[in-house]
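Colleague: I'd like a close look at one part of this model, the place where two helices pack together, and then how that part ties into the strands around it. Could you walk me through it in one go?

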Amino acid sequence: LAAVLAALYLSWLNEHSQTLQVRLRRSLDERTTDLDNKTRAMQQMATSLGNRVLELRTLQEGIKAINSALALEDVLRLIVANASQVLEGARCSVALLDEARDKVTSTSASDGRTVSLAGLDKAVVDWMTERGEPLVIDDLQRDDRFDLNGLPLASAIGVPLLLDERVIGALIATSIEPHAFSAEDVNQLNAFADQAAVAVKNARLYEQLIQE
C-alpha cells in the first residue's frame, strides 16, 4: 500500500510539475509576445519621431534660407522648393497679388512650370482673398470652381499669405492622388506661409530701394 501511495504521489508530483511548466512556458510566451509588440511600437514611434524631427529641421532650414534671400524671385523659388520637400515631393506653387490686389503679378512653382496651373493659382488666390482661410480640395476633378487645363490633378491644399491681416497671395500644393493631404500638411504649409509673407515684404522693400 505504501508503494502504491508513493507511486501515486510521485505521479501527482510529475503531473503537477508538467502543468506548472506548461503554465510557465505559456506565461513566458505571452510576455515575449508582449515585449515584441512593445518593441515594434517603440521602433515605429522612434521612426515617426525621426521623420518629424527631419521635417522640422527641413522647415527650419527652409525658413532661414527664405528670410536670408532678398530678391523676390529667389524668395518665391525657395518657398516652393522647401515646401515641396516638406510635403514629400508634392507640387507646390505660390502666387502673389499686386498692390491693388486685383491681379496676380508673381508666380513660382517647384517644378518650374507656372503657366500650366495659372488658372488654378489665380482661382485659389481669389477664393482666399474673399475668405482669408486655408482651402482643402480632396477631389479637384469634381470641383467646378477651378480650371485644371486638362491636367490630371486630383487634390490640392492652399493657405493664404497674410501681411497685416491682408491677403497678399497664396501658397498651394497639388497632387495627382485624391485625398493626398492631411490637416498636418495644411499646418506645415501654414508655417511656410507665415514666414514667407514677411520674406516677401522684405524682398519688395529691397526691390523698391534698388529702384529708388
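Modeller: Let's start with how α2 and α4 lie against each other: they are roughly antiparallel, because an angle over 145 degrees counts as that, and their axes cross at roughly 170°. Keep in mind that this is a predicted model. The two axes come within 9 Å. Those are the two numbers to quote, since two packed helices are described by the angle between their axes and the distance between the axes.

Now for the side chains. From α2, the residues that meet α4 are Leu72, Val75, Leu76, Ile79, Asn82, Ala83 and Val86. Across from them, α4 brings Gln188, Leu189, Phe192, Ala196, Ala199, Val200, Ala203 and Glu207. Sorted by class, that contact has twelve nonpolar residues, two polar ones and one charged one.

Pick out Leu189 and you get a good view of what else is around. Besides Ala83 and Leu87, Leu189 touches Ile157, Gly158, Val159, Leu171 and Ala173, leaving aside residues up to four places away in sequence. Leu189 also belongs to the largest nonpolar core, which has 29 residues. Along with Leu161, Leu171 and Val200, Leu189 touches the most other members of that core. The elements that give two or more residues to the core are the helices α2 (72–86) and α4 (183–211), plus the strands β1 (91–97), β4 (155–163) and β5 (166–175). Of these, α4 gives the most, with nine residues. There is another core apart from this one, made of 17 residues, with Leu97, Val124, Trp127 and Ala170 among them.

Two other helix residues are worth a click. Ser84 sits in α2 and counts as buried because its relative accessible area, 11%, is under the 20% cut-off. Leaving out residues up to four places away in sequence, Ser84 touches Gly89, Ala90, Cys92 and Ser110. Over in α4 you'll find Lys201, which is partly exposed, at 36% relative accessible area. Lys201 is 38 residues away from Leu163 in sequence, yet their C-alpha atoms are 8.0 Å apart in space.

On to the strands, beginning with β4. Eight of its nine residues are buried, so β4 is largely enclosed by the rest of the structure. β4 runs antiparallel to β5, and nine bridges join the two. To see the pairing on screen, find Gly158, which stands opposite Ile172 in β5, and Ser155, whose bridge partner in β5 is Ser175. The two strands make a hairpin with two residues between them. One residue in that turn, Asp164, has a positive phi of about 55°. β4 has another antiparallel partner in β3 (residues 135–137), joined to it by three bridges. There, Ile137 stands opposite Ala156 in β4.

β5 is mostly covered as well, with nine of its ten residues buried. β5 also pairs with β1 in the antiparallel sense, over six bridges. Two spots to look at here are Leu96, which stands opposite Gly169 in β5, and Cys92, whose bridge partner in β5 is Ala173. Cys92 also turned up among the contacts of Ser84, and Ala173 among those of Leu189.

β1 itself is covered on both faces. On one side the buried residues are Arg91, Ser93, Ala95 and Leu97, and on the other they are Cys92, Val94 and Leu96. That makes seven of seven residues buried for this strand.

To put the part back into the whole, the protein chain has four helices and five strands. From the N terminus on, they run α-α-β-β-α-β-β-β-α. Of the 212 residues in the chain, 34% count as buried. As for how the chain folds back on itself, take the contacts with a separation of 6 or more: residues 24 or more positions apart account for 55% of them.

Conventions. Residues are numbered from 1 along each chain as its sequence is written. This is a predicted model: local features need pLDDT of at least 70, side-chain atom pairs count only at pLDDT 80 or more; totals for chains, interfaces and linings use all residues. Side-chain values use heavy atoms; hydrogens and water are left out. A nonpolar core is a set of buried Ala, Val, Leu, Ile, Met, Phe, Trp, Tyr and Cys residues joined through side-chain atoms within 4.5 Å. Buried means under 20% relative accessible area, exposed over 50%, partly exposed in between (1.4 Å probe, protein chains only). Contact means heavy atoms within 4.5 Å. Axes are lines fitted to C-alpha atoms, for helices over the stretch in contact, and angles run from 0 to 180 degrees between N-to-C directions. Angles under 35 degrees count as roughly parallel, over 145 as roughly antiparallel, 65 to 115 as roughly perpendicular and the rest as oblique. Ala, Val, Leu, Ile, Met, Phe, Trp, Tyr, Cys and Pro count as nonpolar, Asp, Glu, Lys and Arg as charged, and the others, Gly among them, as polar. Two strands pair if DSSP finds at least two bridges between them.
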